[in-house]
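My notebook is open, and I'm going through this one piece by piece. Here is what I looked up, in the order I got to it.

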Amino acid sequence: MPDAAIADAAGAITVRPDRLVGHCSGATTLAPLAPHTAFSLHPLMTVPDGRTSLAGAPCAIAGSSSAALALAERLGTACGMRPIRVDDEDRAAYHAAASIAANYLLAVEDLAARVAEDAGLDRAALAPLVRAAVDAWQDRGAADALTGPVARGDDATVARQRTAIAGRLPAADLELFDALTAATVRLAGRAAAPADDRTRVAAGSVPC
């Protein structure tokens with residue numbers, strides 16, 4: 001159900017001292033479940049269909065009492081997930097991080113796929129690159145995993161990319177490209193690679 005409907009659903013449940021009521025929303029606090037003894041459990045996993053496995057995924061839990069928190073932890077563990085406590089004041093930020101990591105990533109990859117398609121490639125050709133970039137981000141952090149023309153200061157290449165997109169895709173896509181380029185420039189400024197690595201990157205040894 002939508003997050004906005006949680007309070008109405010909880011209000012239809014009779015309050016009892018021995019009853020715990022929970023929700024699975026990522027961004028919602030426990031407040032809409034009051035006056036029930038409340039808990040929440042949100043799988044930190046994208047679920048595009050009913051075949052998605054939650055095994056091994058983290059899950060954000062909270063509880064209005066020690067018993068409620070313990071129940072949420074047991075439920076998460078029973079489903080094969082790794083419970084992580086996220087307090088109410090951090091729920092919106094936690095869920096924003098999840099949305100950026102999964103949903104916004106797909107918006108970026110959709111842009112990449114449409115540019116590739118216009119150049120005669122399908123998205124499967126980009127998939128190994130995407131997986132390698134995500135693996136490097138997990139292992140090293142974004143700044144130290146960054147490669148490509150922005151990282152090596154190749155402004156002429158970025159300009160040619162921009163011209164190609166401007167001539168092939170709608171203006172909204174060019175705006176997204178410009179915003180991503182600006183964000184990548186800021187990210188490159190945070191890189192902490194050793195001097196010899198920077199030299200190799202500047203020399204163009206990293207192709208993408």
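I started with Leu 41, which stands opposite Ile 61 in strand 3. This is a predicted model, where local features need pLDDT of at least 70, side-chain atom pairs count only at pLDDT 80 or more, and totals for chains, interfaces and linings use all residues. Residues are numbered from 1 along each chain as its sequence is written, and side-chain values use heavy atoms, with hydrogens and water left out.

Next I looked up the strands around that pair. Strand 2 (residues 37-43) and strand 3 (residues 58-63) run antiparallel, joined by five bridges. Note to self: strands (E, at least two residues) and helices (H or I, at least four) are DSSP runs, numbered from the N terminus, and two strands pair if DSSP finds at least two bridges between them.

I then followed the whole sheet. It is open, has four strands in the order 1-2-3-4, and its pairing is mixed. Strand 1 (20-23) and strand 4 (82-85) are the edges with a single partner strand each, so one side of each has no neighbour in the sheet. On average, neighbouring strands here are turned by 30° against each other, direction ignored. For angles, I keep in mind that axes are lines fitted to C-alpha atoms, for helices over the stretch in contact, and that angles run from 0 to 180 degrees between N-to-C directions.

Helix 2 (residues 66-78) lies across strands 1, 2, 3 and 4, at about 30° to strand 2.

I checked the loop between strand 1 and strand 2 too, and found Pro 35 there. A cis peptide bond joins Ala 34 to Pro 35, with omega about 10°. Most peptide bonds are trans.

Then I went to the helix pairs. How do helix 6 and helix 7 cross? The axes of helix 6 (residues 155-168) and helix 7 come within 9 Å and cross at roughly 160°. That makes the two roughly antiparallel (the word for angles over 145 degrees). The contact (heavy atoms within 4.5 Å) is made by Val 158, Gln 161, Arg 162, Ile 165 and Ala 166 of helix 6 and Leu 174, Phe 177, Asp 178 and Thr 181 of helix 7.

Helix 7 (residues 171-188) also meets helix 3 (residues 91-118), with axes that come within 11 Å and cross at roughly 120°. On this side I found Ala 107, Val 108, Leu 111 and Arg 114 of helix 3 in contact with Asp 173, Leu 176, Phe 177 and Leu 180 of helix 7.

My last stop was Gly 141, which follows helix 4 and has a positive phi, near 90°. Most residues other than glycine have a negative phi.

Conventions
Angles under 35 degrees count as roughly parallel, over 145 as roughly antiparallel, 65 to 115 as roughly perpendicular and the rest as oblique.
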